[in-house]
Amino acid sequence: MKKNLVGWVLPGAICAGLALLLTGCFDTKQEFTLNPDGSGKVVHECLFQNVDLSEPKDTSESALKEAIRKVIEESKGVEAWRDVTYKRMDDGRLFFRGTAYFKNLSQLDIRNQATMEFVWRKLGDGNIVLDVRTNKSEPKQGFSIRPSPPRKAPATPEEEVERFKEERAKFQQVKPMLAAIFGSMKQEVTLHLPGQIKEASNYQKDPSGALKIKFDGAKILEAMEKLVVSDEWMKKRLASGDTDPTGMPGLDDELNGSLFGKAGPVRAVMAGASKPLFDYGSELAVAQKEFAKVQKDLGASVVSVAPAAQGEPLKSIRVVGVRLVTELDKALKLRPFNYDAGYTVAMLAELPGSVLAVTGETSLDTAVADDGTSLLPDSKWNRQIHFPNLSADKSKVLFEVQLKVPGPNVKGLKELSGQLQYSVSSGSKETDLGLQSLKEGAQGTEMGAKIQSIGEGWNKDGSQQMQLKLNIREESLKNAWVLVDGARTPLERRGYSGGGNSYTFTLESKRAFPVAGRIVVETFDKLQVFNVPWKLEDLSLLGESISGK
């Protein structure tokens, strides 16, 4: 279910409704077993309607496998699946069942098959809090809607009354669509939790001690019809700016009361949770072996990463493409291929093993034509290799070298040579940067962290971008999150600048950065950097070996 259940900016609601009609029809049952660190497994069972507008009547086995493959590949936070079964039901719906293993419950997202999502927080006193919310900060249904600009709050009681009428009228307009959407969403969850349950709000407890909760989308419309006539409830919604169907933080207390029985959060608090309910590592190892077979059966691409390189020479390097653009009269204001004059050679290098990254210190040092002239670019920037692309298994790299345009008598290349620099890592670690507040100029206690600026996101959709300076290599940064009261929200990397061991990263949050939040980063640990030479000789201008070797 996508975000705001009670915001009726009509154009956005119609768009959201159309997308949800295509993706939001599901009847899901989930049984979670959770460890104190937030890792766990879930037996996930779902009946869902797969809508493919390109092939609406395709009931083939390959179409079934494609639908299940998408469920698995688009799930986030899952390290492996096991015990996977699936079939097409007589009524046309698809049935999927499997056990998913995840390292962090808060990051789990089995896409388009669940409404309730969970936040796992460990408090300073050792207690663990499990909250339920209906959305995370990032889009879920594979679509995005640019929200309408926030409207100015009513200035007078008369304006407030008119605004209430307007919002209620919008609700009546979209009510039939909402009934079709929410009526097809059902989710039943059982939770086996570690430690002693001190508090359980809006859960049912079964004799085994497990907690249960059910979500029935049909109750949403009934709850909304009751609440929308309440001036106090409407005033609260308008005061929070919650009239955008793409921006709700979660069900409020009143809606929780209508849906689950008690006005308040859906929450469980555990104490004394020190012993895991199962051995995550050993079960994951077994699941990963089975998962590889499942992926093969479904036709999913399975990538095996080679052992890490350790500074050995390149296994091979060859030219795989060339682009030659000669100089034209500038008065024509025309550019062949929309490029300036130059000669570009694309090269594919096979590394001695898998690598973390090929760095910006990779360079072209020598470029000599067969007539002895140098084709080496004058500027250092053009002699460096920019934006190399690694293969999926991290063992090959494609990069381009820029050369001067060869003279009219040049038939080939005598030598191309340079240095390729790559980095490898043996693990990763998480670090709280020690920022006491998230505002411009704030400095942290780790990695030389400094917030250089915070501004509006380029989409102008309520998101914000932070320029964060860190004393690390560019490839060292793996992930970043905002941390508020133990709950993590992932940040998107949007770019970087810098060099050496100091870079400024552009990090984007879907919402405004909370001033009282903190930043946690995951960096690759035990980073090693290697330089290896590369060299090619006696090539034609097409990059083919003249000697035939």
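Helix α2 (residues 61–74) packs against helix α7 (residues 280–298) in this predicted model. Their axes lie 9 Å apart, at an angle of about 140 degrees. The two helices are therefore oblique to each other, since angles over 145 degrees would count as roughly antiparallel. The crossing of α2 and α7 is left-handed. From α2, the contact uses Lys65, Ile68, Arg69 and Ile72. From α7, Phe291, Val294, Asp297 and Leu298 take part. By class, this contact has five nonpolar and three charged residues, and no polar ones.

A second helix pair is formed by α4 (residues 218–227) and α6 (residues 253–260). Here the axes come within 9 Å and cross at roughly 130 degrees. α4 and α6 are therefore oblique to each other. The crossing of α4 and α6 is right-handed. On the α4 side, the contact residues are Lys219, Ile220, Ala223, Met224 and Leu227. On the α6 side, they are Glu254, Leu255, Ser258 and Leu259. This contact divides into six nonpolar, one polar and two charged residues.

Next comes the sheet. Four strands make an open sheet, ordered β19-β26-β22-β23, with antiparallel pairing. Its edges are β19 (427–432) and β23 (487–490), each of which pairs on one side only. From one strand to the next, the twist averages 30 degrees.

The strand pairs are listed below.

| Strand pair | Sense | Bridges |
|---|---|---|
| β19 and β26 (residues 518–525) | antiparallel | six bridges |
| β22 (residues 477–484) and β26 | antiparallel | six bridges |
| β22 and β23 | antiparallel | four bridges |

Individual residues fix the register. Gly427 of β19 stands opposite Asp525 in β26. Val482 has Ile519 in β26 as its bridge partner. Val484 stands opposite Ala487 in β23.

β22 and β23 also form a hairpin, with two residues between the strands. Within this hairpin, Asp485 takes a positive phi near 50 degrees. In a regular strand, side chains alternate between the two faces of the sheet.

Taken by element, β26 pairs with β19 and also with β22. β22 in turn pairs with β23, an edge strand. Among the helices, α2 passes α7 in a left-handed crossing, whereas α4 passes α6 in a right-handed one.

Key: Residues numbered from 1 in each chain as written. Predicted model: local features only at pLDDT ≥ 70, side-chain atom pairs only at ≥ 80, totals over all residues. Heavy atoms only, no water. Pairing = 2+ DSSP bridges. Axes fitted to C-alpha atoms, helices over the stretch in contact; angles between N-to-C directions. Parallel < 35°, antiparallel > 145°, perpendicular 65-115°, else oblique. Left-handed = near helix turned anticlockwise from the far one by under 90°. Contact = heavy atoms within 4.5 Å. Nonpolar A, V, L, I, M, F, W, Y, C, P; charged D, E, K, R; others polar.
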